[in-house]
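Q: Could you take me through one part of this model in detail? I would love a close look at how a pair of helices packs together, with a short detour to anything else worth a glance.

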Amino acid sequence: MSVFELEWSGRDACAAVLAAFQRLLPSAPDGFSLRLGINVTADQPSEAKRPAAMAIGQFFGPASELAEILAPVLAVATPDDQMIADMTYWQGKDFLADLEGPARYAERSSYIDRPLSDDGVETVLAHLDEWPGGSGSGSAKFFSWGGAINRVAPDATAFVHRDDLFLASFSTWQHAYHGDNFDRLVRIKADRDPDDVFRFAQSIPTGIMAAAQQAMTRTRPAFPHRPSLVSRVTNGTFMPRAVATSMRSAGSA
């Protein structure tokens, strides 16, 4: 098997990479899987947001073929850090494993059955722009779908999502920012200001559905500091990754 990890920085690169991966997925082989994360960080609310993207995944085939699959994405934006490598099954398992333990966060997800338009990509980035800053990061994640999963009829099993391109996952920045107070603040807002007269980009919404429409984030950084990707491969160490990769081929069994 082979694995990959790619990183980009900058808003334009994030937009280009998201669009390119969407074009790639419909024709990707069954043995390819991907998790694309786009996050924005700022140490203080007043600081400029710093968008970045990281793609990680696997391919049940040699790294040379994996590089060919990824070539259209690499052509639209040069990664700041890049690793595409052959590994044994056990090395790949350790590389992709999420061993950080449980973390408290809230998120919502949706199945997407077609590529997002340019306006849709811009909407994703605009939501991340609304993240208020401070600890943690605002993030959006996209898990590849399709392949063997989509060749099963929707009514053949209890699982109905058989005609989708990817799963998009967003975690709510409101819970990260307000913690356990958020639900109580929503109830107070609905009681005292039901028409949402007093509102701004990060104001308390009047209900849960309104909350779901606001920008979203995780409670911890998506990309922790770590050694160079190339150095970890060349020196033979494969650190456990803080990611959750969709295993499309394995999941179709």
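A: Happily; here is the helix pair, followed by two single residues elsewhere in the chain. Please keep in mind that this is a predicted model.

Two packed helices are described by the angle between their axes and the distance between the axes. Here the pair is helix α1, covering residues 11–24, and helix α2, covering residues 63–76; they pack at an angle of about 155°, and their axes lie 9 Å apart. An angle over 145 degrees counts as roughly antiparallel, and α1 and α2 are therefore roughly antiparallel to each other. The crossing of α1 past α2 is right-handed. On the α1 side, the contact is made by Ala16, Val17, Ala20, Phe21, Arg23 and Leu24, while α2 brings Ile69, Leu70, Pro72, Val73 and Val76. Sorted by class, this contact of α1 with α2 has 10 nonpolar residues, no polar ones and one charged residue.

Now for the detour, beginning with Ala168, which sits in strand β7 (residues 166–171). Ala168 has a relative accessible area of 3%, so this residue is buried. Beyond its neighbours within four places in sequence, Ala168 is in contact with Arg108, Ser109, Ser110, Ile112, Lys141 and Phe142. For Ser110, the C-alpha atom is separated from that of Ala168 by 5.3 Å, although the two residues are 58 residues apart along the chain.

The other residue is Asp196, located in the loop between α6 (182–192) and α7 (208–212). Most residues other than glycine have a negative phi. Asp196, however, has a positive phi, near 55°.

Key
Residues are numbered from 1 along each chain as its sequence is written. This is a predicted model: local features need pLDDT of at least 70, side-chain atom pairs count only at pLDDT 80 or more; totals for chains, interfaces and linings use all residues. Side-chain values use heavy atoms; hydrogens and water are left out. Axes are lines fitted to C-alpha atoms, for helices over the stretch in contact, and angles run from 0 to 180 degrees between N-to-C directions. Helices (H or I, at least four residues) and strands (E, at least two) are DSSP runs, numbered from the N terminus. Angles under 35 degrees count as roughly parallel, over 145 as roughly antiparallel, 65 to 115 as roughly perpendicular and the rest as oblique. A crossing is left-handed if the near helix is turned anticlockwise from the far one by less than a right angle, and right-handed if clockwise. Contact means heavy atoms within 4.5 Å. Ala, Val, Leu, Ile, Met, Phe, Trp, Tyr, Cys and Pro count as nonpolar, Asp, Glu, Lys and Arg as charged, and the others, Gly among them, as polar. Buried means under 20% relative accessible area, exposed over 50%, partly exposed in between (1.4 Å probe, protein chains only).
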